[in-house]
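Take a look at the structure below. This report starts with strand pairing, then turns to the chains and how they meet.

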Amino acid sequence: MIMTILNQLENGQKAIIIDINGGRGLIKRLESLNLRKGKEIRKISSAPFQGPIILEVDGCQLALGRGMAAKVTVKPL
Amino acid sequence: MVYIMKILLMGNPNVGKSVVFSRLTGVQVTSSNYPGTTVGYTKGTLKLGEISAELIDVPGTYSLQPACQAEEVARKMLQEEDPDLVVSVLDATNLERNLFLTLQILEKGLPTLVVLNMWDCAQRRGVHLNIQGLSKALGVPVITLVAVTGEGLKELSEVMEEALKNPADYTPQISPMHDDERWAFIGQLITELQKIEHRHPTFLEKLEKASVHPVYGLIIASITIILTLQLVIGLGEFLISNFLDPLYYQYYGPFITETVTNIFPSGIVHEILIGTGYQYETSFGILTTGVYVEFAVVLPYILSFYLFLGLLEDIGYLPRLAVLVDSLMHRLGLHGFSIIPIILGFGCNVPAVLSTRMLEGKREKFIVAALISMSIPCMAQTAVIIGLLGVYGMQYIAVVYGTLFILFISLGMLLNRILPGESPEIFVEIPPYRIPHLKALLQKTWSRVKGFLIEAVPFVFLGILAINLLYILGIMDYLTILVSPLLSNLLGLPDDAIGALIMGFLRKDLATAMLAPLNLTAQQLTVATTFLAVSFPCVATFVVLLKELGVKDLIKVIMIMLGVALLTGTILNLLWSVV
């Protein structure tokens, strides 16, 4: 299946994180909330007016801004 | 000196450390259902058998590589406090992520206990965990706990006592790892020890999703905000008209007037204590109007506000609201999470400014602190504004709050434009909805109300005393001559208003109430209340602003404040004379 970025996922769609295209700071920050290579995530929704993306990792919900989300490459399942 | 054992309570944000802390020490600290409630640390003492120990509630952090000021505090404390024991608290429903910090702590080689909190939620969610296995792998005891109900608390205290007596048995032997190795180790633990049953989503989980949905989310937000406002005001009014007004006018007022008059029939002391009598809201005696404003006007609204705010906090609604407003807040140089300090500001600006520590950047902190201290009137002030202007009709209250709202937006946009840098993107955990614990909610409300009383009462008494002295000593006349042109020309206010403006430095609620005896027109009242709301912060807010921003930024905020207050007041006054 084709890779895409987090923003492009449909609501409810599951995906696996393939890569995080950012500096060490960003990678560590995402990692501390369990967003890291190989994790399965599910996009829940995106907030109105180009707001943040809401996703679920291991039953825990996170919100992250679109700029950050665009740096996360995922493979939809 | 006796050596006091030191215990650190650490963990990810929003795992319930503060609840555990309150339970163990009996010291009430505010806990809510969102990450970042604890931004500074609280210390308390507890007795474990024979041992007295100091317990420190450390702000939550996801790792020992900090991302904001509150997390930095956590890292430093572990390094510098040299604890005798670390109690690492985990959210049992989210073991994998929580274990990362726990392992980092264990790698330090300090005596440690691992506590799996919210064990009841984990079980409801179908989590099965091999606890002995986990304990063996980590090399320290693992205790399950439901902190809100206290289940498992007794066992925790027993194990803590044991650990303080025999630290060597509780010291883990885990050598430091790289982050990747640590995640791999955690992954292995989870696969071997944890099984999660699949279940269907509950009603609360469906509601969670709807709350951040682009359409339903906005509908839910509107309903929630309108309903909360109505409930806060409704309960406040109900308490005043049914209990506090009758209590004051029928019992307290006559009693205190008679008592004081018996001792001091007339003269300065009588004047300061009673003023012109309890029947008049405008008497300005310490024991008459002073007591009336704080206890019968402000207190009911404070109580009502914190009750419903606490409810929203404990359910877990606020982070969802933060997500919904995120993109709007970006236009003001902020991200969505700054809505939480702002909402707290409607209660009291002091905790609101303190809570800006959960935001990442200095720029963001400055903008939020400036916006809160200028355009968010605290509940005490709101209560008096409602009481004072409500008589003339809702439209005047609407003008005050409308002006403040416009100010909030335009000031935010302006600061965003002129301050260098840009606001960081939001990246937060959204906790699940939880059904609030009534007892915990009431305790939290009470501790906040108590905080208000401790803060307000001395300032109110001091304030009335100070103003009376200024009049008696004739200083007020001198000040009046000085600012009178400013007051009358720009704001259209009479000279007498000076007293209220000076009181504004001490307590905004009392200052606003001091406008009452001046026989102002509704327009003048509206201009004056708006001016008071925007201008100089009350002394308590001033002190925390100084602490949080430093002298340089505080001076900047105050310059902006005075300028904006004068400008806003003048414009409002001009508009009115034109219309």
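## Strand pairing in chain A

A15(A) has I41(A) of β3(A) as its bridge partner. The two strands involved are β2 (residues 14-20) and β3 (residues 40-46) of chain A, which run antiparallel and are joined by 3 bridges. This is a predicted model.

β2(A) also pairs with β6 (residues 72-76) of chain A. That pairing is antiparallel too, with 5 bridges. Within it, D19(A) stands opposite T73(A) of β6(A).

## A sheet that crosses chains

These strands belong to an open sheet of 7 strands with antiparallel pairing. Its order is β1(A)-β6(A)-β2(A)-β3(A)-β4(A)-β5(A)-β9(B). The edge strands are β1 (4-5) of chain A and β9 of chain B, and each pairs on one side only. In general, strands of a sheet pair through backbone hydrogen bonds, either parallel or antiparallel.

Where do the chains join in this sheet? Strand β5 (residues 60-64) of chain A pairs with β9(B) in the antiparallel sense over 4 bridges. A63(A) has V428(B) of β9(B) as its bridge partner. Q61(A) stands opposite I430(B), also in β9(B).

## The side of chain B that touches chain A

How many residues of chain B are in contact with chain A? There are 29, and they meet 26 residues of chain A. Several elements of chain B each supply at least two residues to this side: the helices α3 (95-106), α7 (179-193), α9 (216-263), α12 (318-324) and α13 (326-330), along with the strand β9 (427-430). β9(B) gives the most, with 4 residues.

What is the makeup of the side of chain B that touches chain A? Its residues divide into 14 nonpolar, 7 polar and 8 charged.

## Helix α9 of chain B

α9(B) has a kink of about 45°. The kink is centred on Y248(B). Y248(B) is also one of the buried residues of α9(B). The others are G217(B), V232(B), G236(B), I240(B), G253(B) and T257(B).

What do the buried residues of α9(B) pack against? Their neighbours in chain B are α8 (203-211), α10 (268-274), α11 (286-315), α12 and α17 (379-389). α12 of chain B thus appears in this packing and also supplies residues to the side that touches chain A.

## Chain A as a whole

Chain A has 2 helices and 6 strands. From the N terminus on, its elements run β-β-α-β-β-β-α-β. The radius of gyration of chain A is 11 Å, close to the 11 Å that the globule rule gives for 77 residues, so chain A is as compact as a globular protein of that length.

The C-alpha trace of chain A spans about 30 × 30 × 25 Å along its principal axes. Of its 77 residues, 43% count as buried. Among contacts in chain A between residues at least 6 apart in sequence, 58% join residues at least 24 apart.

## Chain B as a whole

Chain B contains 24 helices and 9 strands. Its radius of gyration is 27 Å, which agrees with the value near 25 Å for a compact globule of 579 residues. The C-alpha atoms of chain B fill a box of roughly 75 × 55 × 45 Å along the principal axes.

Of the 579 residues of chain B, 46% count as buried. Among contacts in chain B between residues at least 6 apart in sequence, 73% join residues at least 24 apart.

Technical notes
Residues numbered from 1 in each chain as written. Chains lettered and ligands numbered in written order. Predicted model: local features only at pLDDT ≥ 70, side-chain atom pairs only at ≥ 80, totals over all residues. Contact = placed C-beta atoms within 7 Å. Nonpolar A, V, L, I, M, F, W, Y, C, P; charged D, E, K, R; others polar. Pairing = 2+ DSSP bridges. Bend = angle between axes of the 7 residues up to and from the residue. Buried ≥ 20, exposed ≤ 12 C-beta atoms within 10 Å, placed from the backbone. Rg over C-alpha atoms; globule rule 2.2 N^0.38 Å.
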